[in-house]
Structures are given as structure tokens and as C-alpha cells.
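The following exercises ask the reader to work through the structure step by step. Please inspect the sequence and the model before reading each solution.

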Amino acid sequence: MTSIDVQNLTKEYGNRRVVDDLTFTVRPGRVTGFLGPNGAGKSTTMRLVLGLDRPTSGTATVGGRPYAALDEPLRHVGALLDADAAHGSRTGRDHLRVLAASNRLPARRVDEVLEETGIASVARRRVKTYSLGMRQRLGIAAALLGDPEVVMLDEPSNGLDPEGIIWIRGLLRRLAAEGRTVLVSSHLMNETASFADHLVVLGRGRLLADTPMREFIEARVRPSVRVRTSDDTALQAALADHGHEAVRQEDGSWTVPHARVDDIGRAVSIAGVPILELSSAEGTLEQAYLDLTAAETEFAAQSPSQEV
Ligand SMILES: Nc1ncnc2c1ncn2[C@@H]1O[C@H](COP(=O)(O)OP(=O)(O)OP(=O)(O)O)[C@@H](O)[C@H]1O
């Protein structure tokens, strides 16, 4: 099985350090979401893994070897970095055929990946007539051409319509279930939450988190409980008896922060409060991510004065 290993990776452009001593491993059999604000260094890290840029120091390897040292690299690593990588005057099919031929991949893979990515019907059209979503799908088709063990996609949902977004979710889950190593950057938190098992989060080139997604959320966002009743007074009294304070929502329901649904259910039931609705509101990836990046921004704002 093949992992991506990033070890003390640093990249400077001039005197700007955009990747700063990063160390993490992307493991097979799961989808790893790659998150971070604009300019955090995600694309640069992916480019360094693909040998498209040279690190200032540190290493990035795939299956223990630098990308440049891999034999027939497309059979090992498939990547989508830029949906505009294909030549506009070529057809989608020709673009893939050239890639297949130059990488000694069987021509039948071209038709297979065209089918797999849902663009077989437009494969004979020139790429410059494609919508952004079609170009994304073509880029993903190119990434899958060599049936690689490692797949790295930079913002693959970009430009996809709702059906495309559902499709990419299924594709990523399947690639991971097949035991592949899947690294996917995204700015869409709900999207990432729907496909990622694990997260690597960057902020200003540094590693902020490398953790299973569930743990990432649970460590930052406490769950709450939503309750709706026909007797607000009785509800408030029952909750107060158990040390809870509820917040009334615009729709007439109540939110009990930092509470578990089992405890609230038991408390209101014992007190005989009429309940119309009771549900648990788990923390979302978006809340957890904003909590982490807000802390990071605060640190950034404070650090100059701390240095004085
Ligand atoms: N070739 C380059 N020369 C100089 N600076 C660069 C170069 N490539 C990237 N940068 C800078 O490095 C920083 C990190 O960029 P990068 O694209 O890796 O971030 P990102 O996390 O992928 O951001 P986004 O989410 O916006 O895609 C940015 O400030 C960018 O301007």
C-alpha cells in the first residue's frame, strides 16, 4: 500500500515561506481532506509532492520514493491540479489518448475513464467548448487514467453542478474503499464533511491539524439538543432543575447548548413536559474549522506584540 509522506517540507518563494516545516502522512484506504484558508500552501504542497516544484528543504515522497524517481508515474499517482491543463483545440478523447500513449498506458483506459467520469458523450468535442464542470471531469479522467494507487485532487468539486457534486462524493468514497490513497483539497466544508475520513489542515504554511474528521469536530464543537414543546414554561423549569439553560430559536424551538439528547430526553420525560420534537444537533465541520482558523487568526494578530 502506498502513502504520501511529507517530511519537514519547506518551500520559500524569495523570502516568503509558503510551506513551513510540514510533516504528515496521507494513508491508503481513506479520503483525506486537505483544508486551509486561501494561500495556506495546499496547492504548493501538492505541487511539491508531484515534483512540479523543488522544496527549499525537506522531502515529499510517494510510496517512499520522490515522484521523479517513480517508473511510469501515472500508474502510481493521478492528480488534478488545474482544470485548464488540457489543450483547448484538442478533443477530450484526444487529450486522454495523447496522455495514455506518452505514458505507455493501454488505449482502452481512455474509454473506461471517459465513461467513469460521465463525459463519454462529449469526448469528441473540443475542450475549449467544455463547461468548467466538464473540464473538471476531464481532469479527473486524466488523473484516473493510469489506475493509480494514489489520487490527489485540488478542488475537484469546483464548477460541478449538484449532480456532479454527488458523483464526486461517490467516486472519492469508492477510490478509498478500493484501498487507494486519496488526498482532496476543498474550500467547501459541507462537501468535505460528506466524503473525508481524515483531515490535514494548514494555516500559513504550517500544519494545524492532522486528525480523523470526527475527532476534529468533537474536540472543537460541543453538541447541542433541539427541543420543541407546547409548554415552554414547563420545559424551562425541567431543564433548570438539571442545570441547563435553553435558548429560544426564531421558529419557536429551543436549543440546549452543551447537552446530550439522552440526558435532555430523560429530564423532560420525568418532568412530564409535552414534547413535539427532540433531536441532537451535532457539531459541523464548518463550525470546527472556523473555530480553529479563528484561533489561528487571533494568534497571528497577537504574535507581533508578543515578540516585543
Ligand atoms: N510560483 C510562485 N511564486 C511565488 N509565490 C507563489 C508561487 N506559488 C504560490 N505562491 C504563493 O504561495 C502561497 C500559497 O499558495 P497556494 O496556492 O499553495 O495556497 P492554497 O492553500 O492552495 O490556496 P488556495 O486555497 O487559494 O488555492 C500564496 O501566497 C501564493 O501567492
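**Exercise 1: A sheet of three strands**

In this predicted model, an open sheet of 3 strands is arranged in the order β2-β1-β4, and its pairing is antiparallel. Determine which strands stand at the edges, how β1 pairs with β2, and which helix lies across β1, β2 and β4.

*Solution.* Begin with the edges. β2 (16-26) and β4 (57-62) each have a single partner strand, so one side of each lacks a neighbour in the sheet. From one strand to the next, the twist averages 20 degrees. Next, take the pairing: strand β1 (residues 4-13) joins β2 in the antiparallel sense over 7 bridges. Within this pairing, Glu-12 has Arg-17 of β2 as its bridge partner. Finally, α1 lies across β1, β2 and β4 and runs at about 115 degrees to β1.

**Exercise 2: The ligand shell**

Identify the element that contributes the largest share of the shell around the ligand, and describe the shell by class.

*Solution.* First, list the residues around the ligand: Tyr-13, Val-18, Gly-36, Asn-38, Gly-39, Ala-40, Gly-41, Lys-42, Ser-43 and Thr-44. Then assign the largest share: helix α1 (residues 42-49) supplies 3 residues. By class, the shell holds 3 nonpolar, 6 polar and 1 charged residues.

**Exercise 3: A sheet of four strands**

Describe the open sheet of 4 strands and the helix that packs on the sheet.

*Solution.* The strand order is β11-β12-β10-β13, with antiparallel pairing. The edge strands, β11 (247-248) and β13 (275-281), each pair on one side only. Helix α9 (residues 261-270) packs on this sheet and touches β10 (224-229), β12 and β13. The direction of α9 makes about 160 degrees with that of β13.

Definitions and conventions. Residues are numbered from 1 along each chain as its sequence is written. This is a predicted model: local features need pLDDT of at least 70, side-chain atom pairs count only at pLDDT 80 or more; totals for chains, interfaces and linings use all residues. A residue is near a molecule or strand if its C-beta atom, placed from the backbone, lies within 6 Å of it. Helices (H or I, at least four residues) and strands (E, at least two) are DSSP runs, numbered from the N terminus. Ala, Val, Leu, Ile, Met, Phe, Trp, Tyr, Cys and Pro count as nonpolar, Asp, Glu, Lys and Arg as charged, and the others, Gly among them, as polar. Two strands pair if DSSP finds at least two bridges between them. Two residues are in contact if their C-beta atoms, placed from the backbone, lie within 7 Å. Axes are lines fitted to C-alpha atoms, for helices over the stretch in contact, and angles run from 0 to 180 degrees between N-to-C directions.
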